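Hi,

Here is the structure I promised to pass on. Have a look at it first, and then read my notes below.

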Amino acid sequence: MTGSIMPMMDAGEPQQRDTPRQARLNDQAREIAERFREASISQVVLVGGVRLADVATIVAAALIAHVIAFHGEQPFGWTYMVAVGSAVALALIFAQAADAYHVVAFRAFGSQFGRMLGSWTLVFAGFAVAGSFLDFGGAVDRRWIGLWFVLGAGGFMASRAVLAVLVRRWTADGRIGRKAVIVGGGEPAADLIRALESTPGNDVHICGVFDDRSNDRSPAVVAGYPKLGTIAELVEFGRLARIDLLIVTIPVSAAGRVREILKTLWVLPVDIRLSAHTDKLRYRPRAYSYVGSIPMVELAEKPIANWDFVVKRAFDLIVGTLALVALSPLMIATAIAIKLDTPGPVFFRQKRYGFNNEVIDVFKFRSMRHDMADPDAKVVVTKGDPRVTRVGRIIRKSSIDELPQLFNVLKGELSLVGPRPHAVNAHTSQTLWNDVVDGYFARHKVKPGVTGWAQINGWRGEVDTSDKLKRRVDHDLYYIENWSILFDILILVKTPFALTKSENAY
């Protein structure tokens, strides 16, 4: 990664400039962004969740029916387990064939329940046919079969009623599907919008158009959608509105302009696609991804999306809770030591950049004298810093001061593993870190972590040179591009060993 060192200031506060976060939006753009602030609900996760709910309904109905039929006097034997497993497999197959797992259909309770009831009936019709040809010797009681069918049907009716209400509400709030922005106006953008709107089952919700060109070259309204601002302003809009997809309508032949747009927008945690529906240049079919039936060239992928996001969050909650319980004696002892060492609170809160460049309050054990606290990180902590207490030196070197961030993990503000959250005013030689390295804000495309790939590779502690910061950012971007749960586990396992190397931690 290349970096650009900004000129040093003579003295005083760190240099300020218009970062992507500081771009000013016009009133219309801000109003639309505020309307779409709620995070989108992935259709992949929604459909998967409905399937899991159906499996849970089938299994729960079977177990409840068994209790009612036998009053707990007969074990739930292997024949019953085989029957339940077969029912789960057949019900999911029949429901898929009946189009019961399409998000559009989730809104209509009547048709959804009808499809699930038909699928459920086919399962038991299959059992009846199998029973007429095969002698099961009464291995499965008919009373249980009847109760199971009735309870399963009731469960599907209740779950589909709740699902219909939720999906209607989410649709009205613009949370179902992907929130998209068109980058580049004029006729190419109008053609794309019309193509998207005519695609059946399209999950893309267009929020507006952004273009650097003036209104005489790029109309203020494109196919009914307003032009909301420039490409630089799009970064702020994308963060406020939690955009999922950016579609660039600039021709592939304008490679230079596409490159400049991508350099500005790649800091956002979104999918970026180059529309190819009107481009005369044709690639092999494998080179395209599709939004509906419209061919797109992938420019950037949203990291840790869909089920990856669910798995990572579940991992954070489970492992974070276990870590908090296991480390609670150490945390209590640390709190007592801090209280006995110097007057002041045990915990310290500092504003840092979180996911999507949002500012969060990160918890730490207080390691400085309370009257010399620096919550804005205006002065970098150095070796032998008189502000650091005796206990503070120990907990900073060992990173024990970071343990309260497990509470941030449980709140969903941090992840166990990710780029470390830097203070809002973090700087080197009076220059803000986002001015030191091009694309610095790209490290915020995922949730920051309590530990990270950079930290276990020795890049922790004081950042007193631009090279140290570049190394950190390089490692953070490598982590984002190569994330997996196994990678997270590897980093967590190596973290205690990395903490023994504390040359730069003061």
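Before the strands, one bit of vocabulary: two strands count as paired if DSSP finds at least two bridges between them. E2 and E4 have two bridges and run parallel. One of the contacts there puts Lys227 of E4 opposite Val209, as its bridge partner. Do keep in mind that this is a predicted model.

**The sheet**

Those strands belong to an open sheet of eight strands with mixed pairing, in the order E3-E4-E2-E1-E5-E6-E8-E7. Strand E3 (221-222) and strand E7 (289-291) stand at the edges with a single partner strand each, so one side of each has no neighbour in the sheet.

On its other flank, E2 pairs with strand E1 (residues 178-183), this time over six bridges and again in the parallel sense. Here Arg178 has Val204 of E2 as its bridge partner. E2 is also mostly covered, with six of its seven residues buried. Helix H1 (residues 27-35) lies across both strand E2 (204-210) and strand E4 (225-229), and runs at about 110 degrees to E4.

Over at E7, the pairing is antiparallel: three bridges join E7 to strand E8 (residues 294-300). If you want to find the spot, look for Tyr290, whose bridge partner in E8 is Pro295.

**Helix H11**

Which residues of helix H11 (residues 390-397) are buried? They are Val391, Gly392, Ile395 and Arg396. These cover an arc of only 125 degrees around the axis, which is why they sit on the same side of H11. Helix H10 (307-341) and strand E10 (359-365) are among the elements that cover them. The face turned away from that buried side carries Arg390 and Ile394, both exposed.

The ends of H11 are worth a click too. At its start, a side-chain oxygen of Thr389 comes to within 2.8 Å of the backbone nitrogen of Gly392. After the helix comes Ser399, with a positive phi near 65 degrees.

**Asp476**

Last one: is Asp476, in helix H15 (residues 466-481), buried or exposed? Its relative accessibility is 2%, so Asp476 counts as buried; the cut-off for that is under 20%. Apart from neighbours within four places in sequence, Asp476 is in contact with Pro419, Arg443 and Ala454. Val446 is 30 residues away from Asp476 in sequence, and the two are 9.9 Å apart in space, C-alpha to C-alpha.

Cheers

Technical notes. Residues numbered from 1 in each chain as written. Predicted model: local features only at pLDDT ≥ 70, side-chain atom pairs only at ≥ 80, totals over all residues. Heavy atoms only, no water. Helix = DSSP H or I, 4+ residues; strand = E, 2+ residues; numbered from the N terminus. Contact = heavy atoms within 4.5 Å. Axes fitted to C-alpha atoms, helices over the stretch in contact; angles between N-to-C directions. Buried < 20%, exposed > 50% of the residue type's maximum accessible area, 1.4 Å probe, protein only. Arc of directions from axis to C-beta. Polar contact = N/O pair within 3.5 Å; in protein donor to acceptor, adjacent residues only side chain to side chain.
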